[in-house]
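Biologist: Could you take me through one part of this model in detail, keeping to what the coordinates support? I would like a single connected account that I can follow with the structure open.

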Amino acid sequence: MMVDSTLTQVGNNLSEAMRILGDGQRELEVGTEKRRYSRTSIPGPLQGDGQDVASILQLVHNLIHEEKEEEEDKPSQRMQNVGEQGHMALLGHSLAAYISVLDRDRLRKLTTRILSDTTLWLCRLFRYENGSAYFHEDDREGLVKVCRLVINDRYEDYASEGYTVLSSMQPVIYQSASCRPGLGQHLCSQLGLPLSSLCTVPCNTVFGSQHQMDVALLDKLIKEDVEAGKLPLLLIANAGTPGAGHTDKLGRLKELCDQYKMWLHVEGVNLATLVLGQVSSSLMAATKSDSMTLTPGPWLGLPAVTAVTLYRHEDPALSLAAGLTSSQPVEKLRALPLWLSLQYLGHNGIVHKIRHATALSQQLLEKLKTLASIRTSDVLETEIPLLEALTMVEDELNSPVVVFRFSQEMSAASSGGSVEGYCAGEKEVLDAFNRWLGEQLAQLVPVSGIDVVELEDEGTCVRFSPLLTAAVLGTQQKDVEALVERLSELVSVLSSTMCLRQDFREETHRHSPSLRYIEDLSWPGLGVVRYEPQSEGLDESKRKQEVQKINSELLKKLQELDTDISFSTGPDFGTEQDCIFVGMVTDDVDISELVDTITALGRDIEESGRLLENMTEVVRKGIQEAELQLQKANEEKLMEEGMLRQLPVVGSVLNWFSPVQSSIKGRTFNLAAGSLDSTEPTYETKAQTGRLPLQDTPVSSAKRHSGQRLFRRLGVTSDSHSETSSIEQADETTGEGNDTVTTTTPPPNSLSDHEKDLPSAAGVEPEELSEPVQLQKEVDLASEERHPEGQEADQSGR
């Protein structure tokens, strides 16, 4: 069998391109080649002689994977799996470019064959008899062209008079409140119609589904528009709403459209199930509509495949005027990628992919029913559920979309105390929890395609729509099993956090005013707190700086603790600043110990900072007083010993024969008191009785609990109470011995660092204090004659 050599070359080039662009298929020799094609070198002049195909493809490969490396911290984002059917779709784009250069007659025959074949296959697959097809890139473009077709059909003089004929009878387009956002506005913009031509029909609120169009109310609105001299033009119905995947009552809507001579257009993900053998009666009514838009690309996992709008109309001239058909053969080549892909998959392959996606949704739905405290819409329970599955409507037992929501009532969640004031914001809190649940599931099981949706009545929900993601991501049954397993774990965490949220609030109020509870209903976690320093006499700006400094340091210390609880600064664009955001917790967390630890660490940081701020002034005044004492002591020494004893040789001889009993006493500098004290009691007892051993100084709770999980009820002992009182015990010990110099209020590490800088902070060089006063590690200032018994040795050494 002979094949055109150019076609063979096109296929070979595509295979080579896919091999080069594939992830991990071609390794770079060294990093210099990658740097050669780095982003910084991209805008630049074109090469004079050009580059070969392999070099250009390698450039594209590097750009693709450079973007991927920058987004490695986003595990929820996955590239589409391009299987063999995807290669056929990509080959279609290459062949379309090649076919477009054929002579006109051959091009016309070939494009007509491709278009007619694809239209026939799609109409048979989706049970749409005697239909025509329009292929378009934007999935809204088909609806725009259909609206133009209806306008040309309903207004006879529109082709010659234009928009002026619309003033006699204003056209009205009806859409459901559950339609995708912005669709109606886009239609009016493209058609040049005022927004008053768009009528949004509410969904049922008392009877039926909350996501289905209210047919009775639609009938009433149409009658009012007819009486007002308007022309009902078109109705947009849903076979799978964008949010929850519900289907409108298409049978009754079709009857209503026939009554008022309106055009019925249907769109939605549920249209994919029309290829299956068993289809629900409500969905079968979509095959009687005047037009419907299909998106086979995501359903079948085909990249860069156009959307298709199937429609029925008998006048080809009006279809040509509306742009649904074209006399240009090149435009008909849009169907070529889909033409190739449908032939590659075959009827059985297409049905298999759709059935696989619906089976995944049914599998998840059945698993949700087996989990404790989960309610589906077909099994109504009186007890409060932890999860609600909002999926089924009437006889839609094969709905391919599963939507569920964590919905534990907060009034029953608190383990103690009142929940007054919480009911008003309960929905907002639940929305935040469900948003967190969806994000966590998307990160833990990214191949599942889980996402978060906002529904008008239910609020934030988690959605599983395998028809839009399974073929693209390659979702399998084992992935659904993993999803259910992760869901069970997360629901347990959500439930325990909700139960302890009120206790955390009350426990925080107990530590007021040092700890302040911040009401943030949009935070998915235990709660938000802020440590408030108890400083007086500070203006607003200084107080704000102190709050920021303390809470920033407090957050660092909390993050260093050995615990499973997450502490953060909250959302990047949140309204609350300088706060501690506490994340999700399990049911064995001791809230009292957690809040006590936060308060104790905050108080420790506050007192340490306050001492360090005053340290420079205290040391400066203390050393000035010490200098005066030294000067006075030197004068007294000179008066007692005389001038001769100050001479090096003569003084040594005199001291040998006639030792002097000095009356000058040593001094020690007390940092806590900021005063000079006598060292006589210290050297009389031969020990510094007031100094605390290093192991008794207060340390952070992170060091005390090293290797242990904090805030667990089973692990709480009496030692946990020593954390909040460690600072007070250190202060009491310091006050017992007033003849020492040691201060233990700040942490040992911070104090030692500051003591090293004391001489320079006071403006005194170390050699100026070496004789007769020395600045030791405890900042002791003493004379060179520490004890009368050692006076002779000191003098002889001089």
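Modeller: What follows is a close look at one strand and at a helix that packs against it. Please keep in mind that this is a predicted model. In strand E2, residues 171–176, 6 of the 6 residues are buried, so the strand is largely enclosed by the rest of the structure. Both of its faces are covered, with Pro-171, Ile-173 and Gln-175 buried on one side and Val-172, Tyr-174 and Ser-176 buried on the other. E2 pairs in the parallel sense with strand E4, residues 231–238, over 5 bridges, and within this pairing Tyr-174 stands opposite Leu-235. E2 also runs parallel to strand E3, residues 198–201, to which 4 bridges join it, and here the bridge partner of Ser-176 is Val-201. Between E2 and E3 the chain passes through helix H8, residues 183–191, in a right-handed β-α-β crossover.

Turning to helix H9, residues 215–227, its 13 residues reach 19 Å from the first C-alpha to the last, close to the 18 Å expected. Its buried residues are Val-215, Leu-218, Asp-219, Leu-221, Ile-222 and Asp-225; seen down the axis of H9, they fall within an arc of 165°, so they line one face of the helix. Their cover includes E2, E3, E4 and helix H10, whereas the face turned away from the buried side carries the exposed residues Ala-216 and Glu-227. At the N-terminal end of H9, Asp-214 acts as a cap, with a side-chain oxygen 3.3 Å from the backbone nitrogen of Ala-216, and just after the helix Gly-229 takes a positive phi of about 85°.

Notes:
Residues are numbered from 1 along each chain as its sequence is written. This is a predicted model: local features need pLDDT of at least 70, side-chain atom pairs count only at pLDDT 80 or more; totals for chains, interfaces and linings use all residues. Side-chain values use heavy atoms; hydrogens and water are left out. Buried means under 20% relative accessible area, exposed over 50%, partly exposed in between (1.4 Å probe, protein chains only). Helices (H or I, at least four residues) and strands (E, at least two) are DSSP runs, numbered from the N terminus. Two strands pair if DSSP finds at least two bridges between them. A crossover is right-handed if, with the strands pointing away from the viewer, the path from the first strand over the helix to the second runs clockwise. The expected span of a helix is 1.5 Å times one less than its number of residues. The arc is that of the directions from the helix axis to the C-beta atoms. Contact means heavy atoms within 4.5 Å. A polar contact is a pair of N or O atoms within 3.5 Å; within protein, one must be able to donate a hydrogen and the other to accept it, and residues adjacent in sequence count only if both atoms are side-chain atoms.
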